[in-house]
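Work through these exercises with the model open beside you. Try each task before you read its solution.

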Amino acid sequence: MAISSTSGTTGPSLSSLGVGSGLAAETIVTKLVALERQGINQLQTQASTIQSKISAFGKIQSAVSALRDAASKLTSPDLWSSTTATSADTSVAFTTSSGAAPGSYNVEVSALASGQSVLSNTVLASSTTTLGSGTLSLELGSWSGTTFTNKADTTAVNITIESTDTLEAIRDKINNSTAGVKATIINDASGSRLVMNSASTGASNGFRVTTTDSDGGNTDATGLSALAYDPANSTAGTTRTQTAANAAAKVNGVDISSESNTFSSVLTGISIAVNKVTTGPVSVTVAQDNTTITKAITDFAAAYTSLDSTLKSNTKYDAGTKTAATLQGDSTALSMMASLRGMLSTSTAASSVFSTLSSVGLQTQSGGALTVNTTKLTSALGNLTELKKLFAATDLTGSGADGMATKFRTLADNLLGFEGALTTRTAGLNTSVTNNQKRQETLEARSALYEKRLRAQYTALDTAMASISTQSGYVTQMINAWNKSS
């Protein structure tokens, strides 16, 4: 900071601290302020350390959440009732869900589901040719010969056709309606014709087309009536090229029917999809889904290993480099590690066959990792009931019969809970960061005032010394002048 001072009219100008006194005042002030700021520097170092701990606990929390999710998956009833289906022919496919019973099924498909399709007999010059005007009325329902029965909970949809509407415009009006009928145009060497199809398959999704033709003839196949389909009234404008029908099949000799090519409610927990008529029974086997169960157990082992590794890497001390990890000596982290490893070696009374995780192939390695012995696990899968108990049992009597996955899920819930060790430890660290920042702000303000006071003091000293120097010079000049005159 440049400071100027004058004494009378001949005093020197002070352009920087220390010029008047001859002292290295700027250096002195800088060093004194640096000493004053040592407390702030220490707080900043502490803040960085706390933030590192918060980050480390964040990684641990994420790993605990992953372990909790993996353990929760192993306690889910859906996992232990999961099944998979294998079909001898791609024409029949089973999709299984909860409740599907393992077993063998013979499926024979005699008909696929279809929708109704009608083709206009009138051939127009092109798709941009007009046909006539009036009203098209579309109704969904089923046909028995020439008798039409409306589909329950549906009503006729009326579409107004203008005289200027081309075949393309008529198609678009049908497609934009809610009639449950879709239209397209066939163009060939002879011209253009309109095709109307059921939007959905199934016998109840057939349709009837009637017209109120502006030319007065509603069934004569001229004008708009060329699009009518109503056999009971002898319409001649269109020809039905496909009948709306249900899919038909047999499962173990029992006849079944569906409006689509999927039979979703015939067997509990099993959806059957068919894509062609079969020449004979197709064998489909539904079995216990060992692949999904094995993956869930393997995922649990991986989640435990990841958490153990995270805890270990954040609490270790490297004797070679004499470097401590971020949470080395932290009681919360060390307690968690001890709890998890202790839990891993405990037993449960939930199963009369399997009492420990190692008994079904989950083995702890020397470094703390949890691995899966596939041979032992495959053998254990042969007794699914007891394996499920080992992992998923919930003790309602207080006899210590919780399953191992249930125990780990409870432990993780406790760590992550509102008053859990991880939650409270992280909250405490965040509070420390806040307090540290407030203390830094206080010391910053004090340091600024201290620097301001020092600069004021040295400025005053400079001014005083400059004045003295000026007066000394004047006295010297006067003495010299007297000496010469005498």
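## Exercise 1: a helix and its packing

The buried residues of helix α4 pack against the strands β5 (134–144), β7 (157–161), β8 (181–188) and β9. Keep in mind that this is a predicted model.

Task: Find which residues of helix α4 (residues 167–175) are buried, and work out why they line one face of the helix.

Solution.
- Step 1. Go through α4. Leu167, Ile170 and Ile174 are buried.
- Step 2. Look down the axis of α4. Its buried residues fall within an arc of 60°, so they line one face of the helix.

## Exercise 2: a serine in a strand

Task: Locate serine 198 in its strand. Then decide whether serine 198 is buried or exposed, and find what its side chain meets.

Solution.
- Step 1. Serine 198 belongs to strand β9, which covers residues 191–198.
- Step 2. The relative accessible area of serine 198 is 12%. Buried means under 20%, so serine 198 is buried.
- Step 3. A polar atom of the serine 198 side chain lies 2.7 Å from the backbone oxygen of asparagine 205.
- Step 4. Set aside neighbours within four places in sequence. Serine 198 is then in contact with Gly115, Gln116, Gly180, Asn205, Gly206 and Phe207.

## Exercise 3: the nonpolar cores

Task: Describe the largest nonpolar core and say which helix gives the largest share of this core.

Solution.
- Step 1. The largest nonpolar core has 51 residues. Those with the most contacts inside it are Ile60, Leu74, Trp80, Phe300, Leu387, Phe391 and Phe408.
- Step 2. Several helices each supply at least two residues of this core, including α2 (38–74), α5 (290–315), α9 (404–416) and α10 (421–485).
- Step 3. The largest share, eleven residues, comes from α2.
- Step 4. Another core lies apart from this one. That core has 26 residues, among them Leu136, Ala179, Val181 and Ala226.
- Step 5. Return to phenylalanine 391. Beyond its neighbours within four places in sequence, its contacts include Leu74, Trp80, Ile297, Leu357 and Met404.

## Exercise 4: charged pairs

Side chains of opposite charge can pair when their charged atoms come close.

Task: How many salt bridges are there? Pick out pairs that link distant parts of the chain, and a pair within helix α5.

Solution.
- Step 1. The count comes to 13 salt bridges.
- Step 2. Glutamate 444 forms a salt bridge with arginine 37, with the closest N and O atoms 2.6 Å apart. This pair links distant parts of the chain. Glutamate 444 is in helix α10, and arginine 37 is in the loop between α1 (25–36) and α2, 407 residues apart.
- Step 3. Check the exposure of both. Glutamate 444 is partly exposed at 30% relative accessible area. Arginine 37 is partly exposed at 23%.
- Step 4. Arginine 68 pairs with aspartate 413 in a salt bridge, their closest N and O atoms being 2.7 Å apart. Arginine 68 sits in helix α2 and aspartate 413 in helix α9, 345 residues apart. Arginine 68 is partly exposed, at 24%. Aspartate 413 is partly exposed too, at 32%.
- Step 5. Lysine 295 forms a salt bridge with aspartate 299, with the closest N and O atoms 2.8 Å apart. The two residues are four residues apart in helix α5, so about one helical turn separates them. Lysine 295 counts as exposed at 51%, whereas aspartate 299 is partly exposed at 35%.
- Step 6. Finish with a network. Salt bridges link Glu26, Glu451 and Arg455.

Notes. Residues numbered from 1 in each chain as written. Predicted model: local features only at pLDDT ≥ 70, side-chain atom pairs only at ≥ 80, totals over all residues. Heavy atoms only, no water. Core = buried A, V, L, I, M, F, W, Y, C linked by side-chain atoms within 4.5 Å. Buried < 20%, exposed > 50% of the residue type's maximum accessible area, 1.4 Å probe, protein only. Contact = heavy atoms within 4.5 Å. Polar contact = N/O pair within 3.5 Å; in protein donor to acceptor, adjacent residues only side chain to side chain. Salt bridge = Lys/Arg side-chain N within 4 Å of Asp/Glu carboxyl O. Arc of directions from axis to C-beta.
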